[in-house]
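Hello,

Here is the structure I promised to pass on, with some notes to help you find your way around. Please open it alongside this email.

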Amino acid sequence: MNAVIEESKSLENYGIRNATVHWNLDAETLQQITVENGMGIESDNGTLAINTGKFTGRSPKDRFLVKDNYTRDRIWWGRINKPISPENFDKLQDEIVDYLSDKEIYVRDAAVCADPRYKMNVRTITEFPWSNYFIKNMFLRLSEEELQEFEEEWLVLCAPGYECPNPKDFGIIAGNFSILNWTKKVALVGGSEYPGEMKKGIFTALNFVLPVEKNVLPMHCSANVGEKGDTAIYFGLSGTGKTTLSADPNRRLIGDDEHGWTEENSIFNFEGGCYAKVIDLTEEKEPDIYRAIRPGALLENVVFKEGTKEVDFFDSSITLNTRVSYPIDHIHNIQAPSYASNPKNIFFLTCDAFGVLPPVSKLTPGQAAYHFISGYTAKVAGTETGINEPVPSFSACFGGPFMPLHPTVYAEMLSKKMTAAGVNVWLINTGWSGGPYGVGSRIKLKYTRAMISAILEGELDKVDYEIHPIFGLHMPKYCPGVPTEMLDPMNTWLQKGAYVSKAIQLAHSFHINFDKFASEASEEILNGGPLIDSHHEMSDHV
């Protein structure tokens with residue numbers, strides 16, 4: 001787009017008065033404005049780097065959803081999905097609109113959902129030029145013709161400089177907030193410069209709209225497709241290998257974070273870009289991400305080597321959550337447009353720091369739903385203050401903070417789609433073997449890649465399986481390229497009794513976590529959990 005102020009277009013229909021409005025500026029102009037305003041620095045290769053202030057990540061406790069006639073009986077209200085009244089939302093929207101008036105502001109017209117049948121137009125109005133840059137990278141970019149005819153379905157108002165002076169009077173907790181209103185189709189972000197709040201706000205909006213109105217399953221996952229059109233999707237929480245394992249040189253990347261699974265048997269990317277962590281990044285370890293960091297990308301909260309403009313990816317002095325956003329076409333091997341047919345295989349990635357779960361196991365539909373609702377991984381010692389041994393971590397549907405409906409809604413949709421499509425679901429442990437963190441060792445990436453390759457090539461359809469006595473998982477007895485003794489995790493522990501004890505401990509953690517979902521879960525899903533009462537089976541196995 002031409003880097004001009006379009007005087008003919010005002011924002012007064014939103015209540016924003018006397019603003020100097022920049023519409024759909026190109027990346028170079030946004031970068032130039034950001035640097036000239038002292039809001040960012042160009043690195044040695046010309047990539048824009050910015051700092052997001054006191055918020056270097058999302059603030060889940062300050063996220064609210066409007067509770068009205070449309071959402072009251074649909075949303076799973078609780079600690080994650082906190083309600084706010086329509087009246088308080090309107091008051092906060094008026095506050096933000098007044099705040100943005102008389103300012104120089106930036107508008108981006110874009111879309112989400114790569115499948116044209118589900119494409120949704122989003123207009124984003126931002127206080128900062130680099131917030132607009134982020135949206136340009138992360139949402140789908142539109143043609144000149146599409147921009148001429150653009151009408152938004154959702155509106156995002158982003159005012160990082162506005163902090164609510166009296167939060168309790170507005171039904172919120174602090175001066176910063178992220179709020180969604182499905183009736184008005186408006187998302188508000190105030191008081192936080194972290195741009196991921198905008199991205200995850202629209203993801204949350206879709207996680208309600210798509211299943212409720214379109215019968216599309218929204219998923220927090222990465223996805224890729226092989227030369228034969230065989231799609232694979234990868235669920236996993238932070239640190240489990242979702243980005244690493246989906247970036248496969250032999251397969252085309254569909255997307256790295258958010259996808260939909262349609263009634264018409266296709267998988268589509270929600271986004272037009274990638275948002276990757278860059279802490280400890282090296283070209284050898286993550287070549288695709290490393291090479292994507294070039295002009296057109298946006299770095300967040302990185303530190304430069306002293307006296308230079310060279311990024312020190314190992315410096316976490318601002319945050320461990322250093323990131324880069326870039327258009328998806330910064331990756332060489334992509335699926336364009338970003339959708340493909342039904343998946344053949346689904347991978348649930350978990351980093352089990354207890355060393356209990358098998359490195360690879362096949363799940364029944366009931367187990368798949370159970371593990372999907374559980375969303376298990378483990379925090380390891382040293383990652384947070386006070387953690388001296390592994391701690392189980394559960395996030396429903398591998399994306400709990402973004403899921404407004406009850407997790408069983410998504411799990412049952414997944415089960416139906418899996419069964420109809422004949423999909424294989426696999427649990428992949430990218431964590432420890434031979435003992436817990438501090439005793440055993442991390443499963444080598446080359447072995448995990450070998451397991452996934454064997455699955456994608458159909459090799460594990462031809463082998464025998466045995467059942468894990470505590471978790472009920474189907475473990476292959478052989479996998480090409482992987483030491484056979486690793487496949488049953490008990491074989492890798494020196495003391496079998498210690499293994500059984502640790503496995504029962506983890507199984508109890510699963511059951512305790514699942515209690516809050518049990519009343520809404522079907523018998524098949526409940527039966528997909530660990531078999532911790534099967535003491536005789538455990539004894540026989542030992």
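Let me start with an enclosed space: Thr243, Ser246, Ala247, Leu253, Asp256, Cys274, Glu286, Asp288, Ile289, Tyr326 and Ile331 line the second largest cavity. Two elements, α6 (242-246) and α7 (287-292), each give two or more residues to that lining. The second largest cavity holds about 70 Å³ of space, and its lining divides into 6 nonpolar, 2 polar and 3 charged residues.

A word on what you are looking at: this is a predicted model, in which local features need pLDDT of at least 70 and side-chain atom pairs count only at pLDDT 80 or more, while totals for chains, interfaces and linings use all residues. Residues are numbered from 1 along each chain as its sequence is written, and side-chain values use heavy atoms, with hydrogens and water left out.

Some terms will come up again. On a 1 Å grid over the protein atoms alone, a cavity is a set of points where a 1.4 Å probe fits but cannot get out, a pocket is an open set with protein on both sides within 12 Å along at least five of seven lines, and lining residues have an atom within 4 Å of a point. Grid points are joined across faces, edges and corners, and a volume is the space filled by probe spheres set on the points. Helices (H or I, at least four residues) and strands (E, at least two) are DSSP runs, numbered from the N terminus. For residue classes, Ala, Val, Leu, Ile, Met, Phe, Trp, Tyr, Cys and Pro count as nonpolar, Asp, Glu, Lys and Arg as charged, and the others, Gly among them, as polar.

**The largest cavity and the annotated sites**

The structure holds 7 cavities of 30 Å³ or more, and about 80 Å³ of space lies in the largest cavity. Among the residues lining the largest cavity are Arg58, Glu197, Lys200, Pro401 and Phe402. Helix α5 (196-214) and strand β9 (177-181) each give two or more residues to this lining, with α5 supplying the largest share, 4 residues.

Two UniProt annotations are worth knowing here (positions are in the numbering used here, feature names are shortened, and annotations may be inferred rather than shown by experiment). One "binding site" annotation, from an unreviewed entry, covers Arg58, Tyr194, Lys200 and Arg323; of these, Arg58 and Lys200 belong to the lining of the largest cavity. Another "binding site" annotation, also from an unreviewed UniProt entry, covers Lys200, His220 and Asp257. These three span 58 residues in sequence, yet no two of their C-alpha atoms are more than 10.5 Å apart, so they gather at one spot.

Lys200 lies in helix α5 and counts as buried at 11% relative accessibility (buried means under 20% relative accessible area, exposed over 50%, partly exposed in between, with a 1.4 Å probe and protein chains only). Leaving out residues up to four places away in sequence, Lys200 touches Arg58, His220, Asp257, Glu258 and Phe402 (contact means heavy atoms within 4.5 Å). His220, in strand β11 (residues 217-225), is buried too, with a relative accessible area of 10%. Arg58 sits in the loop between β3 (48-50) and β4 (63-66) and is partly exposed, at 29%.

**The cores and an enclosed helix**

The largest nonpolar core has 103 residues, and among those touching the most other members are Trp182, Phe235, Trp261, Phe348 and Phe372. Apart from it lies another core, of 28 residues, including Val97 and Tyr162. Such a core is a set of buried Ala, Val, Leu, Ile, Met, Phe, Trp, Tyr and Cys residues joined through side-chain atoms within 4.5 Å.

Helix α8 (residues 365-374) has 9 of its 10 residues buried, so it is largely enclosed by the rest of the structure. Just after α8, Gly375 takes a positive phi of about 55°.

**An open pocket**

Finally, the second largest pocket has a volume of about 500 Å³. Of its 21 lining residues, Asp230, Arg251, Ser453, Leu456 and Glu457 are the closest to its centre. Helix α10 (445-456) gives the most to this lining, with 5 residues. By class, the lining has 6 nonpolar, 6 polar and 9 charged residues.

Enjoy exploring!
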